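Q: Please take a close look at a single part of this model. Where does it sit, what touches it, and how does it fit into the whole?

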Amino acid sequence: MTKHTIEPAFGVELKEPAFTEDRWVSPLNLYPEVQNQIHAPEQVLIHDVTLRDGEQTARIAFTPEEKIAIALELDKLGVHSVEPGLPITDEDREVITTLSQMNLRAHIVPLARVNELDVRNSIDAKADGMVLEMSLNPYLIRDAFKTNPDDLIKQVAEYSKAGKEAGMYVEYMAWDVMRIEGWEYPERFFRDLVEHADLDRVTVADTFGMAHPFTTCQYIQKLKEWTGKPVGLHIHNDFGLANANSLMAVSAGADMVHSSINGLGERAGNVATEEIGMTLQHLFDIDAGLDLTRLKPLSDMVTEISKAQPARNKAVVGDGLFEVESGIVLAAMEMTKGTALANLAFPFAPEVVGHKSKEVIFGVGSGVVAVGALLDEWGIDASKDQLKEITGRIKTRGRLLKNGVPHSHIRRIVEDCLGC
């Protein structure tokens, strides 16, 4: 951290601010009473599901060529594994086979339903591994899939054995785990599962994103106790809790998170790769293996291919994330220019995630300080009254346009006010 002279505040000696030139984090995160409750692994693996769950977003479709292009960028980003699709479909099998032959750093790990054809296709495609999936919800097991927990465990054991004999990584993902009453049934299921099936990891899916973070913490801790295996989390964002719950899962000891670029996925989507990646690496120095500078360019690529535009203020990668219009904020930035607090309006520098530099927007929120700085940049002198008049007209124009005011409009306003 950069050293700065710090004066006492209300007689309290202040410590070094928790910031550098490109980031500012909360020092409270590092306090013992917080850290003592966190049991995160040193490294967390990102299993990216953009190409499978992301494509399950309504109205989104990727061609095989597009999937391969995105997978190559995910590999450069540094994700641990890529879920290219479903081995039951011809197009996805083509993608899985192609990617498996490319010697990427990222492991190619398709999602395989608990059935013989999915497993056989994954093996034949020479994938690095597979995520065997089935609901844990006993009503779905009985009424939708016409089986029972004992037979399901036998199937998982059979298919995991086939995968391991083929030299594959095998993960089991139980979905819809948060709508089950009590702990007795899942405990018996998972204990029996790992006793009979040769698995590298057990993952649970909060399929509808409905758990309280403390519930997620309890589930991950219990899952580790029941299985003795590495555990992961797959989660959707229906209540806006996906990133918080993913962080809680990691804090409870999960060493893998399933995520997708731009948070694509069924309904409200999955936890966003860029959000959990930044949260882990930037805020908590937990290694997720990601080159954060590639997040924004990859987000833009997926946006173009998927035709699904993230919100302008989307966390980490939104196009408008580093636009500033507020007069209060810009005045503070102007007053701290040249000091360590110059970027206090942002928790991280744009360059950290490969974003464009910050941009001042002029409009209804503009103040005289920002407008004065712009005129100084243009080499134009104005009195206080003239500056106030120019600022007022910019505000009026911004309200009329319901947008930022282009510099060409501001030039005309200035010329009109100053009689240039």
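A: R411 lies over the face of W378, 3.9 Å from the ring centre. A second charge-over-ring contact involves K222, whose charged end sits over the ring of W183 at 5.0 Å from its centre. W183 leads to the part chosen here, because W183 shares one aromatic cluster with Y172, and Y172 lies in strand β6. The close look is at β5 and β6, with what packs around them.

First, the setting. This is a predicted model. The protein chain has 16 helices and 11 strands. Its C-alpha trace spans about 85 × 55 × 40 Å along the principal axes. Of the 420 residues, 49% are buried. Among contacts in the chain with a separation of 6 or more, 71% are between residues 24 or more positions apart.

Now strand β5, residues 129-135. Seven of its seven residues are buried. In a regular strand, side chains alternate between the two faces of the sheet. In β5, G129, V131, E133 and S135 point one way. M130, L132 and M134 point the other way. Both sets are buried.

β5 has parallel partners. Strand β4, residues 111-113, is joined to β5 by three bridges. Here A112 stands opposite L132. Strand β6, residues 169-175, is joined to β5 by seven bridges. G129 has Y169 as its bridge partner in β6. Both pairings run parallel.

The link from β4 to β5 involves helix α5. Together, β4, α5 and β5 make a right-handed β-α-β unit. Helix α5 covers residues 116-124, and N121 is part of it. N121 has a relative accessible area of 11%, which is under 20%, so N121 counts as buried. Leaving out residues up to four places away in sequence, N121 touches P87, I88 and R93.

Back to L132 in β5. L132 is among the residues with the most contacts inside the largest nonpolar core, which has 104 residues. V156, Y172, F190 and L193 are also in that group. Beyond its neighbours within four places in sequence, L132 is in contact with A112, R113, V119, V156, Y159, S160, V170, E171, Y172 and M173. A112 and R113 fall in β4 (residues 111-113). V119 falls in α5 (residues 116-124). V170, E171, Y172 and M173 fall in β6 (residues 169-175). Apart from the largest core lies another one, of eight residues. Its members include L45, V109, V131 and M173. V131 is one of the β5 residues that point the opposite way from L132.

Next, the rings. A search of the whole structure finds 10 aromatic pairs. One of them joins F145 and W175, 6.2 Å centre to centre. The planes are 85 degrees apart, over 60, so the pair counts as edge-to-face. It links distant parts of the chain: F145 is in the loop between α6 (138-143) and α7 (149-165), W175 is in β6, and 30 residues separate them. F145 is partly exposed, at 37% relative accessible area. W175 is partly exposed too, at 21%.

Another pair is Y172 with F189. It is tilted: 6.3 Å centre to centre, 40 degrees between the planes. Y172 lies in β6 and F189 in helix α8 (residues 184-196), so the pair ties together parts 17 residues apart in sequence. Y172 is buried, at 0% relative accessibility. F189 is buried as well, at 3%. The aromatic cluster that holds both also takes in W183, Y185, F190, Y219 and W226. Two of its members, Y172 and F190, are among the residues with the most contacts inside the largest core.

For contrast, look at S383. It is found in the loop between α14 (368-378) and α15 (384-401). Its relative accessible area is 35%, between 20% and 50%, so S383 is partly exposed. S383 and R52 are 331 residues apart in sequence and 60 Å apart in space, C-alpha to C-alpha.

To sum up, β5 is covered along its length, with seven of seven residues buried. β4 pairs with it through three bridges, and β6 through seven. L132 in β5 contacts Y172, and Y172 carries the path on into the aromatic cluster.

Terms used. Residues numbered from 1 in each chain as written. Predicted model: local features only at pLDDT ≥ 70, side-chain atom pairs only at ≥ 80, totals over all residues. Heavy atoms only, no water. Core = buried A, V, L, I, M, F, W, Y, C linked by side-chain atoms within 4.5 Å. Buried < 20%, exposed > 50% of the residue type's maximum accessible area, 1.4 Å probe, protein only. Contact = heavy atoms within 4.5 Å. Helix = DSSP H or I, 4+ residues; strand = E, 2+ residues; numbered from the N terminus. Pairing = 2+ DSSP bridges. Right-handed = clockwise from strand over helix to strand, strands pointing away. Phe/Tyr/Trp six-rings, centres within 6.5 Å; stacked < 30°, edge-to-face > 60°. Lys NZ or Arg CZ within 6 Å of the ring centre and 35° of its normal.
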